[in-house]
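Visitor: I would be grateful for a close look at one part of this protein, namely the charged side chains and the salt bridges that they form. Please also place that part in its wider setting.

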Amino acid sequence: MWLHWLICVFILLQVAVAKATKWYGGGLEFNHPSAWIDEHLPCAQDLVVFPEYYPALLPLPEDISIDGLVFPREGAILLAEESTITFGAEKNSNCESEEKKAHLKPPKSSKWFYPDTWVDKSKKDFATFIPELERIPCDDEQVIIKGHGPLAFDLENVQHLRLGQLILAGSSISKTYLEQLITRDLGQFLFHNAQDVQVEYYRGELCGCHKDFDRLLEPVCHNVREQCETPHCLSPVWPLGSCCLICGAILTTPTNHCTEGSKKEIIAKLNDLIGTKSLNDQIQLHAEFVGSQQFGNFLQVTVTDRLGYSEQSMEFLQKQLDYWNRSNTTLKVSGRPYNPNVSFSSVVLILFCMALVGLVSVVILAHFMPENPYLNRIPQWIHDPRYWRWRHLGRLGIMAYDPESGEVRERSFDNPMFEQGEAIEVAAKESLEEEQHLGAPKMETGDLDTSSVVDEQELTEINLKTLEAETDEETI
């Protein structure tokens, strides 16, 4: 009987540990082509060449067949007890290189306070509405760092390295050993910027993910603030422990006892309401405790729309506003949705185009329907073309080029939008002056334009010379 209870307790503890674990998700494996220059993996006859400076700890695979190792001046490797390195193995014709060397790429460090560094395998993926402080290792969570890629963690802005337990390369690291490791040469390659960092281990006595979430906001948000998307709502909300504003609704309830029972109770109630409204495919929620010595402890529930913000999460909770007020719960909701990519200049351009289209429509209406009674309500200068006639625009000049003579002549034509009487009179006067200057007989211009008069005048001069020659012959 006692054995049965011990087995059940052990299983529950294993499940609890599995649910409260963050895994290191960065770094390229030793056998991944992207970890090598030119993506050339080492063959049995190749030398493995490290960069001259390798600021990381590299756990080597259990079985390697190479020709040799060229270590860096500064760096560290980790060999497991069961690891085997074979030198001078048989050559493989399918894996050959002219240089006979394989060069490792320089390692990259991962920030400890960066959400993308960690993976929670109990969840398929971190939802965008989960606060960033819950995506990094919590103060009482187990952290597992394993793999065969370079390990280097940047402890920038980390004053207290708080963990539940650390598993490094398959070994459990105690608090005392971790404190000593940080100060050693090996720890300097594994943990960068680790000066004056204090190590603290917690075992489930906290309320929420962190002891003081407000003190971690700036160190964590410093790394992710530029990645925040612009919310598509008028009044976005800010969940406690989050670096970015979101569109949705937030329920916060002050509490003195952070028990899993109270959290499950409110989650069950909200899930029942969502199921009653048939909104399971449209609304999602996340509940977690948030603790702070300055502000107290809260149970926070974040409700958002699954397929883009459409006010359903806001309307869903607002209908239960009386209940939330009675239960001492604060409700914060976002405003109406809008597109933040539409700028003020775009709105001004749209309004200008609409005004221009309206003005052109009035002109067209005045042209084809001058007796329309609605035109009396519009200022006359807008729809009456007579007010648009400027005398200095009544006559337009153009430059004409004659390819035969190479001369450039200035011609003019009548603008049909203005009165043609003045233009015809001016053209007739110019034609008369040219005829008097050339000594040619007076010609009738009629209704022809200026260019036609000049062309006919030139032809008439040629005919006159021919007639004079014939008259001289008859006289002789």
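Guide: What follows describes the salt bridges and then the surface around them.

The model under discussion is predicted. The protein contains 11 helices and 23 strands. Of its 476 residues, 36% are buried. Among contacts with a separation of 6 or more, 61% are between residues 24 or more positions apart.

Let us turn to the salt bridges. The structure holds 11 of them, and three pairs may be examined in turn.

One of these pairs is Glu52 and Arg73, whose closest N and O atoms are 3.2 Å apart. The two residues come from distant parts of the chain, 21 residues apart. Glu52 belongs to the loop between strand S2 (47-49) and strand S3 (53-59), while Arg73 belongs to the loop between strand S5 (68-70) and S6. Glu52 and Arg73 are both exposed.

Another pair is Arg162 and Asp139, with 3.8 Å between the closest N and O atoms. Here too the salt bridge links distant parts of the chain, 23 residues apart. Arg162 is part of strand S13 (residues 160-163), and Asp139 sits in the loop between strand S10 (118-119) and strand S11 (142-145). Both Arg162 and Asp139 are buried.

A further salt bridge joins the side chains of Lys263 and Glu288, at 3.7 Å from N to O. Lys263 lies in helix H5 (residues 260-276) and Glu288 in strand S19 (residues 283-292), so this pair ties together parts that are 25 residues apart in sequence. Why is Lys263 described as buried? The relative accessible area of Lys263 is 11%, and a residue counts as buried when this value is under 20%.

Salt bridges may also share partners. In this way Lys111, Asp154 and Glu156 are joined into one network.

Charged residues also appear in a surface patch. Glu62, Asp63, Glu81 and Glu82 form a negative patch on the surface. Within this group, Glu82 is located in the loop between strand S6 (74-78) and strand S7 (84-87). Glu82 counts as exposed because its relative accessibility is 52%, and the term applies to values over 50%.

The surface also has a patch of another kind. Leu349, Phe352, Leu356, Leu359, Val360, Ile364, Phe368 and Met369 make up a nonpolar patch, and together they have about 810 Å² of accessible area. One of its members, Leu349, is found in helix H8 (residues 344-368). Leu349 is exposed, because its relative accessible area is 52%. For the protein as a whole, the accessible surface comes to about 30,600 Å², and carbon and sulfur atoms account for 54% of that surface.

Finally, a pair of glycines brings together separate places in the sequence. Gly27 and Gly149 are 122 residues apart in sequence, yet their C-alpha atoms are 5.4 Å apart in space. Gly27 is in the loop between strand S1 (21-24) and S2. Gly27 has a relative accessible area of 48% and is therefore partly exposed.

Notes. Residues numbered from 1 in each chain as written. Predicted model: local features only at pLDDT ≥ 70, side-chain atom pairs only at ≥ 80, totals over all residues. Heavy atoms only, no water. Patch = residues over 30% accessible without salt bridge, like charges linked within 9 Å, V, L, I, M, F, W, Y side chains within 5 Å. Areas by Shrake-Rupley, 256 points an atom, 1.4 Å probe, with all protein chains shown as cover. Salt bridge = Lys/Arg side-chain N within 4 Å of Asp/Glu carboxyl O. Lys, Arg positive; Asp, Glu negative; His and termini not counted. Charge placed at Lys NZ, Arg CZ, Asp CG, Glu CD. Helix = DSSP H or I, 4+ residues; strand = E, 2+ residues; numbered from the N terminus. Buried < 20%, exposed > 50% of the residue type's maximum accessible area, 1.4 Å probe, protein only. Contact = heavy atoms within 4.5 Å.
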